Amino acid sequence: MRRLEKEGLITLKELYIDGTKLEANANRYTFVWRGSLNYHLAGLLDAIDALYVKYNAFLLENGYGTKYNLGDAHMFVIEGMDKVRKVIEENRKRKLTKHKKISNNTIIEIDHCSPLEILKLQKNLMRIAQGEGIGFVFGKGKHKPEIQKLYEELEECGSRLMEYKECFEIMGKDRNSYSKTDLEATFMRMKEDHMLNGQLKPAYNVQIAVENYFIIHGYVSNDRTDYSTLIPVLKKHRDAFGDTLEAVTADSGYCSEKNLLYLKENGIRSYIKLQDHEKRKTRAYKENIGKYYNMTYAVFEDEHYYICHDGRELRHIRTESKEQDGYTQTVEVYGCADCSGCEHKSKCLYKYNAEKNPDRNKIMKINERWEELREASNANIQSEEGILKRQIRSIQTEGHFGDIKENEDFRRFNYRTEDKVYKEFMLYAIGRNIMKYHRFLHHEIEKYEGKKEQKAA
């Protein structure tokens with residue numbers, strides 16, 4: 001890259017970023033889903049709870065608790081299982097009414113669920129059996145004693161619990177599926193649908209950062225979305241070349257408060273398209289009287305408030321904050337004290353029902369920092385420079401993926417695990433950069449500087 005910089009082919013001051021999904025070298029049908037694990041874990045915990053009750057009753061009826069100084073077994077509590085059970089019950093009702101099921105991807109605290117607790121009960125039962133001279137029998141025609149049956153039931157539940165815990169540890173908290181063939185691959189919806197039914201396939205999310213047709217950086221992730229891939233690419237650029245980056249251009253898949261704030265704090269201009277970029281051009285967006293951006297913003301004695309379409313004031317009520325993935329979002333809540341008699345309630349209030357909630361008042365939540373970052377990025381992409389950068393991004397980054405997938409038929413990795421997949425892709429990217437360099441030397445391609453005006457005939 002330094003050689004290309006010296007020759008003036010790249011500046012390392014701007015990056016055009018885009019991503020695509022490439023299929024992993026894994027069997028398409030070896031999937032493990034978080035929702036399925038949650039469903040079966042709920043059933044297993046119910047079975048373990050029943051075994052704990054049976055264990056306590058066994059000690060009490062035979063007097064083993066006092067004789068061997070053994071206490072009652074207490075069922076462990078797993079945070080998040082109440083929500084899982086509610087979704088399971090709701091899905092059973094929906095199945096009867098033939099409605100679509102709700103996804104059951106609640107992240108549970110599996111760390112509090114220890115198979116060692118079950119192992120302690122098994123040791124207690126073995127101690128009782130040895131003390132009472134009860135032998136365990138195996139084979140056909142042998143009648144197992146009650147204590148052996150309880151021991152084996154606990155052993156089976158403990159082994160199943162250990163399997164589920166291992167599955168959750170492999171999956172982590174950032175994804176909802178993985179492949180048994182390649183544990184680091186995530187099931188994603190691909191554009192290539194060989195069964196024409198929207199089937200998910202094990203894949204990796206591949207990101208490239210391009211400047212002047214050269215791939216400056218590559219990044220491989222098992223995250224299905226692009227939100228969390230931008231900052232790692234930018235940190236990689238800073239570690240390799242220092243604080244040289246001045247501008248980043250990407251599509252709406254990278255537009256998030258966390259990403260835009262990172263760009264602002266590091267002095268990098270954002271040319272990231274907003275998710276509602278096209279929607280902003282419509283008449284419905286501009287005439288939606290229920291949205292804050294179509295209301296009058298006013299300040300009186302350092303107090304900020306909004307004036308709605310009916311001339312009523314929406315004052316600040318409170319500040320709410322929410323933390324997600326180590327990042328805190330702050331939301332300001334505004335509300336109208338009295339909306340009674342307003343003829344615009346049906347248009348202003350979301351899903352307003354005059355019969356059920358006739359006294360409902362207008363409440364709106366605004367993330368002011370997020371909106372400020374969005375407007376700054378939107379102003380950048382609307383400028384002449386921003387329009388040119390969007391053209392360059394669509395040509396150069398998507399052009400690479402078009403060549404890779406269609407012309408060179410590279411749609412599936414040959415190696416497994418994220419580390420090997422990254423190395424495979426970077427070798428491929430190096431080859432593409434050498435090819436681009438050769439074409440620049442022979443003047444087969446030139447730096448793109450915008451669409452050339454066609455001369456009139």
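Let me start with D403, which, at 22% relative accessibility, counts as partly exposed, a value just past the 20% under which a residue would be called buried. What we are looking at is a predicted model, and I would ask you to keep that in mind throughout. The side chain of D403 meets that of R432 in a salt bridge, with 3.1 Å from N to O, and this pair links distant parts of the chain, since D403 sits in helix α12 while R432 sits in helix α13, residues 418-441, 29 residues apart. R432, for its part, is buried, with a relative accessible area of 3%.

Staying with helix α13, let me turn to its nonpolar side chains. I430, which has its place in helix α13, is partly exposed, with a relative accessible area of 45%. Together with L427 and I434, I430 forms a nonpolar patch on the surface, and the three residues have about 330 Å² of accessible area together.

Now to the salt bridges more broadly, of which the structure holds 35. One of them joins D18 and R393, whose closest N and O atoms are 3.3 Å apart. Because D18 lies in strand β1, residues 14-23, and R393 lies in helix α12, residues 384-407, this pair ties together parts that are 375 residues apart in sequence. Both D18 and R393 are buried.

A further salt bridge runs between K54 and E153, where the closest N and O atoms are again 3.3 Å apart. This pair, too, links distant parts of the chain, with K54 in helix α2, residues 34-62, and E153 in helix α6, residues 146-171, 99 residues apart. Here the side chains are not buried: K54 counts as partly exposed at 35% relative accessibility, and E153 is likewise partly exposed, with a relative accessible area of 30%.

Besides these pairs, there is a network of salt bridges that links D276, R280, E371, R374 and E375.

That brings me to a charged residue that I would like us to examine with some care, namely R34, in helix α2. Which side chain of opposite charge is nearest to R34, and how far away is it? It is D174, at 7.7 Å, and because a salt bridge is counted only within 4 Å, R34 is left without one, although R34 is buried. What, then, does the side chain of R34 reach? It reaches the backbone oxygen of R175, at 2.6 Å. Leaving aside neighbours within four places in sequence, R34 is in contact with a set of residues that includes N104, N105, T106 and I107, as well as F168, M171, G172, K173, R175 and N176.

Finally, two notes on the backbone, both concerning residues in loops. K98, in the loop between α4 (81-96) and α5 (115-132), has a phi near 60°, which is a positive value in a residue other than glycine. At 77% relative accessibility, K98 counts as exposed. E301, which lies in the loop between β9 (296-300) and β10 (303-307), has a phi near 50°, again a positive value in a residue other than glycine. E301 also counts as exposed, at 68% relative accessibility.

To close, I would bring you back to two arginines: R393 is buried and paired with D18, whereas R34 is buried yet has no salt bridge. I am happy to go back to any of these residues on the screen.

Notes:
Residues are numbered from 1 along each chain as its sequence is written. This is a predicted model: local features need pLDDT of at least 70, side-chain atom pairs count only at pLDDT 80 or more; totals for chains, interfaces and linings use all residues. Side-chain values use heavy atoms; hydrogens and water are left out. Helices (H or I, at least four residues) and strands (E, at least two) are DSSP runs, numbered from the N terminus. Buried means under 20% relative accessible area, exposed over 50%, partly exposed in between (1.4 Å probe, protein chains only). Lys and Arg count as positive and Asp and Glu as negative; His and the chain ends are not counted. A polar contact is a pair of N or O atoms within 3.5 Å; within protein, one must be able to donate a hydrogen and the other to accept it, and residues adjacent in sequence count only if both atoms are side-chain atoms. Contact means heavy atoms within 4.5 Å. Patches are made of residues with over 30% relative accessible area and no salt bridge: like charges are joined within 9 Å, nonpolar side chains (Val, Leu, Ile, Met, Phe, Trp, Tyr) within 5 Å. Accessible areas come from the Shrake-Rupley method with a 1.4 Å probe; for residues, only the protein chains shown count as cover.
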